[in-house]
Amino acid sequence: MEFVKFLKEPETYERLGAKIPKGAILSGPPGTGKTLLAKATAGEAGVPFFSVSGSEFVEMFVGVGASITGDTIVLVRDESGVRLTPIGPLIDAYYPDDKEGYVIHIEGLKTLGYDKSESGTGKPTDLAGSSWKNIKAVYRHRVDEIYEIHHKHGMIRTTGDHSVFVRRNDGIIAIPTREMQVGDVLVNLPYRSQAQSDKTLAHTFSRLPPSSECGVGLKGVHFGVEPTPSLSMLLGVLSADSAKISDGSAEIAFNANSLRMMSECLEALETAFSCRLETVPGSDDTVRLVSASPAVVDFVSSLASDFERNGRHVPGYLWDAPFEYFYQYVRGVSKADSFGEDPANASLKVGDKSLAMEVSWLFAMHGVDTRISPTGEREDTAWSVE
């Protein structure tokens with residue numbers, strides 16, 4: 001009952017110099033009355049009672065019983081790798097013809113879910129970041145109404161019964177989309193704790209997978225070369241369409257703003273493929289790295305073919321690699337030595353929307369808030385990641 005008195009008459013204790021407790025941890029097996037006791041305490045004290053379970057946080061981001069529309073982009077992982085995909089085709093693959101309205105249990109598919117911290121207070125500090133979670137089931141059904149959630153990065157289309165997590169003064173709560181209010185703050189990555197304003201919660205990148213599983217390459221290409229930050233930067237340069245095969249030699253072009261980057265790429269290629277490259281001055285203040293080494297020619301031509309077949313994508317190992325690998329890759333895409341002097345305020349121009357979206361997602365997973373937008377009137381020209 002002392003807790004009730006603290007809540008009902010805090011000034012009585014404050015006059016005595018006591019500090020109001022921020023909370024209490026109730027520990028015990030399920031069914032022993034922890035929630036009932038907390039609810040009774042709140043009722044006796046006449047204060048609001050809010051209950052949010054850990055499973056609800058998983059449901060929001062893993063998509064159990066997801067009720068978002070088919071064109072909503074989701075990040076998934078299976079044995080073929082990591083990809084961004086509209087949820088519609090992903091879920092449709094599990095249903096025959098036009099069947100719908102029932103749950104299908106699945107295995108082997110993952111997406112991002114939130115991890116909880118060990119505090120157990122039900123406040124924002126309960127979130128420890130994100131990690132890959134197994135999707136246990138999918139659900140396709142038809143609805144009569146679609147809601148649009150407009151936020152600073154764009155818009156989400158969803159059904160009214162889809163649960164979203166918002167941050168309000170009393171912490172994080174789960175509500176149906178139809179109950180959202182203008183001004184609600186969506187919980188997203190990167191997540192900045194109100195309780196610890198200097199702390200940003202993001203994804204946990206532990207280590208690279210074994211080299212046998214993550215050799216340098218993109219969707220349809222795999223080389224037996226262990227990834228390094230320098231090679232990641234080189235792949236970024238190649239993703240920016242800076243290379244070609246001419247007269248049996250591989251040529252990679254750099255401008256006057258990226259000569260330091262050229263030197264790093266030169267060293268990375270010579271180390272990875274045990275070969276020598278030449279630097280050849282070009283027109284308009286450009287310099288080309290040139291190599292007739294069969295290994296380098298095969299490397300460059302294979303990546304170019306992969307871009308043509310599958311579009312431009314970040315190397316698969318970057319979804320597991322530490323920030324330095326991703327940062328160097330983005331430096332390569334920018335083709336500017338000065339890029340990233342202040343990573344949080346950098347602007348990156350990307351010629352492919354799919355690549356821009358993947359870069360934006362990885363920035364968010366590493367704790368850097370970004371947005372993407374077309375740089376011109378036509379959405380098929382170039383995209384800016386800021």
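This short talk walks through one sheet, the helix that lies across it, two cysteines and one loop residue. Please keep in mind throughout that what we are looking at is a predicted model.

Let me begin with the sheet, which is an open one made of 4 strands in the order β14-β15-β17-β16, with antiparallel pairing. Its edge strands are β14, covering 243–246, and β16, covering 278–281, each of which pairs on one side only. On average, and ignoring direction, neighbouring strands of this sheet are turned by 30° against each other. If we look at the β14 end, we find that β14 and β15, the latter spanning residues 249–254, run antiparallel and are joined by 4 bridges. Within that pairing, I245 has A250 in β15 as its bridge partner.

Turning now to the helix, α7, which comprises residues 259–273, lies across β15, β16 and β17, and runs at about 10° to β17, the strand at 287–291.

On the cysteines, C265 counts as buried because its relative accessibility is 0%, below the 20% cut-off. C275 also falls under that 20% limit, at 12% relative accessibility, and therefore counts as buried. As for disulfides, the count in this model comes to 0.

Finally, I would like to move to I146, which sits in the loop between β6, at 137–139, and β7, at 147–151. Its relative accessibility is 39%, so I146 counts as partly exposed, lying between the 20% and 50% limits. Along the chain I146 and T177 are 31 residues apart, while their C-alpha atoms are separated by 9.9 Å.

Notes
Residues are numbered from 1 along each chain as its sequence is written. This is a predicted model: local features need pLDDT of at least 70, side-chain atom pairs count only at pLDDT 80 or more; totals for chains, interfaces and linings use all residues. Side-chain values use heavy atoms; hydrogens and water are left out. A disulfide is a pair of cysteine sulfur atoms within 2.5 Å. Buried means under 20% relative accessible area, exposed over 50%, partly exposed in between (1.4 Å probe, protein chains only). Two strands pair if DSSP finds at least two bridges between them. Helices (H or I, at least four residues) and strands (E, at least two) are DSSP runs, numbered from the N terminus. Axes are lines fitted to C-alpha atoms, for helices over the stretch in contact, and angles run from 0 to 180 degrees between N-to-C directions. Contact means heavy atoms within 4.5 Å.
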